[in-house]
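Colleague: I am new to this structure. Please choose one part, look at it closely, and show me how it sits in the whole.

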Amino acid sequence: MPQRIRNATPYYALIQGLYWAIFCLMVGFASVFLLDRGFTNGQIGLILGLSYLLSAILQPVVGSMFSRQGVRLNIAIACAYIPVAALSLAVLTLPLGRVPLAAMLAIMFTVQSMMQPSVNALHQNFEALGRPVNFGLARGVGSAAYALSSFAMGRLLTRLSPSILPGAYGAAVAALILALFLARVPSSAGQTGPEKGGASYAEILRRQPSLALFLVGVGCMFLTYSFIDNFLVQIILSIGGSSGDLGTAITLSAMTELPAMLLFARFSRRGKGVRLFMISIWFWLAKDVLTLLAPNPRVLYAVQLLNFASCAVYVPGMMDYMRHVLPQSQLLRGVTLAGTATTLGSLLATILGGWLMDAVGVRTALLVVQFFAGFGTLLLTLALSRAVKLVKTT
C-alpha cells in the first residue's frame, strides 16, 4: 500500500470483503455442495465438525505464532491461504472419491475458520503505522460481500450445478492472497511493553475471570448460530421451502450487518458500545427462538432481518469488549480466545446437529439447540454487565 495513503479503511475493507465472500461460498453453501456429492446430513456434520475441531486446536497456536516479533500478520495469513487455493483447484478439476474429497474440504474449511481472529486483528497493524481504520465500516463491507456472494450464488445455483462452488471460492482466495501480499503493515499487532505479544492464554484468564464467562457464553451462542447457519437449507426445506430460498435468506440476514456495524461504531465512540452489545445478546436469543417458530419461508425471511440488532453486533461488540478488559499487548490473544470459543461452539453444532437431524428430525434438533442459546445469553449478560461497570469507572 503506498505510504502516502493515510486512511487504511478502504484497503482493510477489501480484505474483509474477500474473506467473508470466501466464507459464504465455502461454509454457507457447504451443505448444498456436499448434498450434491451424495453426502448425508451426518457426514456433512462430521466434515464440518472435523474442520472446527482442527481450527479450535490450531487457533491458539497460530495466535501465539502471529503475536511474535518479526511476523508480518498479512504475509502469514496470505501464506496460510496458498494451500487453500491449490486444494480448490484440485477439487474443481480432479475426479475425487468421497474420502479424499472430504479430507480436502475439511482442510480448506479449517484454514478459513482458523484465520478469522487474525483477519479481525489485522486492523491494529494498520493503525500501528498511523493509518486509521474504521473497523465497523470495514467489517460491514465484509457482511455486504457475504450478502452479495450468497445472492449471486443462490441465483447461479438455480441454473448451474453446485460443482461450480470450488472454482468460485478458489478465485476469491487467489484475490485475497494478492490483496494481503500487497498490504504493508508492521510485524505483529500489539507489540507494546515488555510482554512482547502479551501474557499467556492461561494468565489472561487468571487476570480476567469474567472473560471465562464471556467465552463459554460465546461458545453456547455460536452452537445455536452455527447449527442454523450450517443447516439452513435443511431448516428451509422442513417448512416447505426450496434450496433456491437459501440464497435469499442468507442475503436478507447479511444485508443488515453493514448498517448495524456503522451504528455500533458510533455508539462505541461514545463509550456505550459494551452496553449496546449486551442488549443485542437478547435480540440474538429472540432471533434463534423465532427461527424455530417460523411456519414458512416468508416468515423466516422476516426473522433474518432481526440480525440487525443481534448477530450483526457480535464482531464489533467483541472487539470493543476486548479493548476494555485487556491491554493492547494482549488484544490479538484475546480475540484468538474468542475465535476459539466460537469455533468450539460451531464444532459441537455440526456434530450434535447432524446426528440430531438424522435421529429426530430438523425441527426437534432446532428445539434442542435453543437451550444452549438461552444459557449463553445468561452467561454473556453476566460478563458484559461487569464490563459495563468497568467502563463507568474509567
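Modeller: Begin with the contacts, meaning heavy atoms within 4.5 Å. Take those in the protein chain between residues at least 6 apart in sequence: 86% join residues at least 24 apart. This is a predicted model, in which local features need pLDDT of at least 70, side-chain atom pairs count only at pLDDT 80 or more, and totals for chains, interfaces and linings use all residues. Residues are numbered from 1 along each chain as its sequence is written, and side-chain values use heavy atoms, with hydrogens and water left out.

The chain has 18 helices and zero strands. Both are DSSP runs numbered from the N terminus: helices are H or I with at least four residues, strands E with at least two. Of the 394 residues in the chain, 59% are buried. Buried means under 20% relative accessible area, exposed over 50%, and partly exposed in between (1.4 Å probe, protein chains only).

The part to look at closely is Met115. It lies in the loop between helix 5 and helix 6 (116–128). Is Met115 buried or exposed? Its relative accessibility is 1%, so Met115 counts as buried. Leaving aside residues up to four places away in sequence, Met115 touches Tyr19, Val62, Phe66, Ile77, Ala80 and Tyr81. Take Tyr81: it is 34 residues from Met115 in sequence, yet their C-alpha atoms are 9.0 Å apart in space.

Both residues also stand out in the largest nonpolar core. A nonpolar core is a set of buried Ala, Val, Leu, Ile, Met, Phe, Trp, Tyr and Cys residues joined through side-chain atoms within 4.5 Å. This one has 127 residues, and Tyr81, Met115, Phe214 and Phe227 have the most contacts inside it. Helix 1 (residues 9–28) gives the largest share of this core, 13 residues.

Helix 1 also holds Gln16. Gln16 has 0% relative accessibility, so it counts as buried. Its contacts, not counting residues up to four places away, are Val119, Asn120, Phe135, Ala138, Arg139 and Gly142.

Now step back from Met115 to helix 5. Helix 5 covers residues 98–114, 17 in number. From first C-alpha to last it reaches 24 Å, close to the 24 Å expected at 1.5 Å a residue. That expected span is 1.5 Å times one less than the number of residues. Helix 5 is mostly covered, with 12 of its 17 residues buried. Among them are Leu101, Met104, Phe109 and Met114.

Helix 16 (residues 314–325) offers another covered stretch. Here 10 of the 12 residues are buried, so the rest of the structure largely encloses helix 16. One of the buried residues is Asp320, at a relative accessible area of 4%. Asp320 forms a salt bridge with Arg323, and their closest N and O atoms are 3.8 Å apart. A salt bridge is a side-chain nitrogen of Lys or Arg within 4 Å of a carboxyl oxygen of Asp or Glu. Arg323 is partly exposed, at 37%. The two residues are three apart in helix 16, about one turn.

How many salt bridges does a search of the whole structure find? It finds two. Glu203 and Arg207 form one, at 2.3 Å, N to O. They lie four residues apart in helix 9 (residues 201–207). Glu203 is partly exposed at 25%, and Arg207 is partly exposed at 45%.
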